[in-house]
Amino acid sequence: MSVDSAGMAARLGIKPGMVVQELGWDEDADEDLRDAIIEVSGGEMVDEDTDEVADVVVLWWREDDGDLFDALTDAITSLGEDGVVWLLVPKSGRPGHVEPGDVTEVAPTAGLQQTSSVSAAKDWSGIRLVSPKTARSRR
């Protein structure tokens with residue numbers, strides 16, 4: 001794994017021992033980023049059928065993938081109390097690019113708030129989404 005790949009996983013807050021759930025994988029997903037996440041976390045990513053509580057959900061999302069609200073609500077199903085959803089979308093100008101306003105509009109309805117954005121990989125931007133603190137304290 002390259003130093004850059006390790007940096008990519010670190011930008012997403014991936015740490016050893018974390019349970020990372022992956023949703024929305026397709027052939028266009030960045031394999032270097034996936035490999036970095038697996039190496040840093042120390043385990044394979046789990047899929048939507050897991051019974052484990054996820055520390056991080058990595059959701060690959062493209063404009064034509066369907067209903068973003070449904071995808072986000074599915075993403076938080078197995079998310080731990082302090083967990084994070086990383087919505088990975090194609091960068092501007094790439095096929096499947098998602099307008100930032102679409103995420104800003106849908107995330108609160110799904111019970112999430114956007115906290116930051118990063119360049120996650122060559123063709124992918126990462127949008128960090130968390131449950132608002134008031135919602136977390138009520139669980």
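**View 1. R34, a buried arginine in helix α2.** R34 is buried, its relative accessible area being 15%. This is a predicted model, so keep that in mind through all the views that follow. R34 is found in helix α2. Which residues does R34 touch, once those up to four places away in sequence are set aside? They are E22, W25, A29, M45 and W60. Two of the residues around R34 carry the opposite charge, and they get views of their own: E22 has a polar contact with R34, and E31 forms a salt bridge with R34.

**View 2. E22, the partner of R34 in strand β1.** E22 sits in strand β1. Is E22 buried or exposed? E22 counts as buried, with a relative accessible area of 10%. The side chains of E22 and R34 are joined by a polar contact of 2.6 Å. A second polar contact, this one of 2.9 Å, runs from the side chain of E22 to that of W60. Leave out neighbours within four places in sequence, and E22 is in contact with R34, M45, V46, D47, V58 and W60. For another landmark, look for A54: its C-alpha atom is 9.7 Å from that of E22, although their positions lie 32 residues apart along the chain.

**View 3. E31 and R34, a salt bridge within one helix.** Here the side chains of E31 and R34 meet in a salt bridge, with 3.1 Å from N to O. How far apart are E31 and R34 in helix α2? The two are three residues apart, which means about one helical turn separates them. As a rule, an α-helix has 3.6 residues a turn, so residues three or four places apart point the same way. The two partners differ in how they are covered: E31 is partly exposed at 34% relative accessibility, whereas R34 is buried at 15%. Put E22 back into the picture and you get a network of salt bridges linking E22, E31 and R34.

**View 4. Two other salt bridges.** How many salt bridges does the model hold? The count comes to six. One of them joins D65 and R62, whose closest N and O atoms are 2.7 Å apart. In this pair D65 is partly exposed, with a relative accessible area of 34%, while R62 is buried at 9%. Another salt bridge joins K122 and D123, with 3.8 Å between the closest N and O atoms. K122 is exposed at 63% relative accessibility, and D123 is partly exposed at 28%.

**View 5. W60 and W124, the aromatic pair.** The model has one aromatic pair. The ring centres of W60 and W124 are 4.8 Å apart and the ring planes stand at 80°, so the pair is edge-to-face. W60 belongs to strand β2 and W124 to strand β5, so the pair ties together parts that are 64 residues apart in sequence. Both tryptophans, W60 and W124, are buried. You have met W60 already, as a polar contact partner of E22.

**View 6. The largest nonpolar core.** In soluble globular proteins, nonpolar side chains tend to be buried together. In this model the largest nonpolar core has 23 residues, and those with the most contacts inside it are L12, I14, L33 and I37. At least two residues each come from α1 (3-11), α2 (31-41), β2 (54-60), β3 (79-90), β4 (113-121) and β5 (124-130). Which of these elements gives the largest share? That is α2, with five residues. Zoom in on I37 and you will find it touching A9, L12, I14, V20, M45 and V58, not counting residues up to four places away in sequence. Another core, of 21 residues, lies apart from the largest one, and its members include V57, A71, L79 and L112.

**View 7. Helix α3 and its buried side.** Helix α3 covers residues 68-75, and within it L68, A71, L72 and A75 are buried. Why do they sit on the same side of α3? They cover an arc of only 95° around the axis, and that puts them on the same side. Among the elements that cover these buried residues are β1 (20-23), β2, β3, α4 (100-106) and β5. Look at the start of α3 too: a side-chain oxygen of D67 reaches to within 2.8 Å of the backbone nitrogen of F69.

Definitions and conventions
Residues numbered from 1 in each chain as written. Predicted model: local features only at pLDDT ≥ 70, side-chain atom pairs only at ≥ 80, totals over all residues. Heavy atoms only, no water. Core = buried A, V, L, I, M, F, W, Y, C linked by side-chain atoms within 4.5 Å. Buried < 20%, exposed > 50% of the residue type's maximum accessible area, 1.4 Å probe, protein only. Helix = DSSP H or I, 4+ residues; strand = E, 2+ residues; numbered from the N terminus. Contact = heavy atoms within 4.5 Å. Arc of directions from axis to C-beta. Polar contact = N/O pair within 3.5 Å; in protein donor to acceptor, adjacent residues only side chain to side chain. Phe/Tyr/Trp six-rings, centres within 6.5 Å; stacked < 30°, edge-to-face > 60°. Salt bridge = Lys/Arg side-chain N within 4 Å of Asp/Glu carboxyl O.
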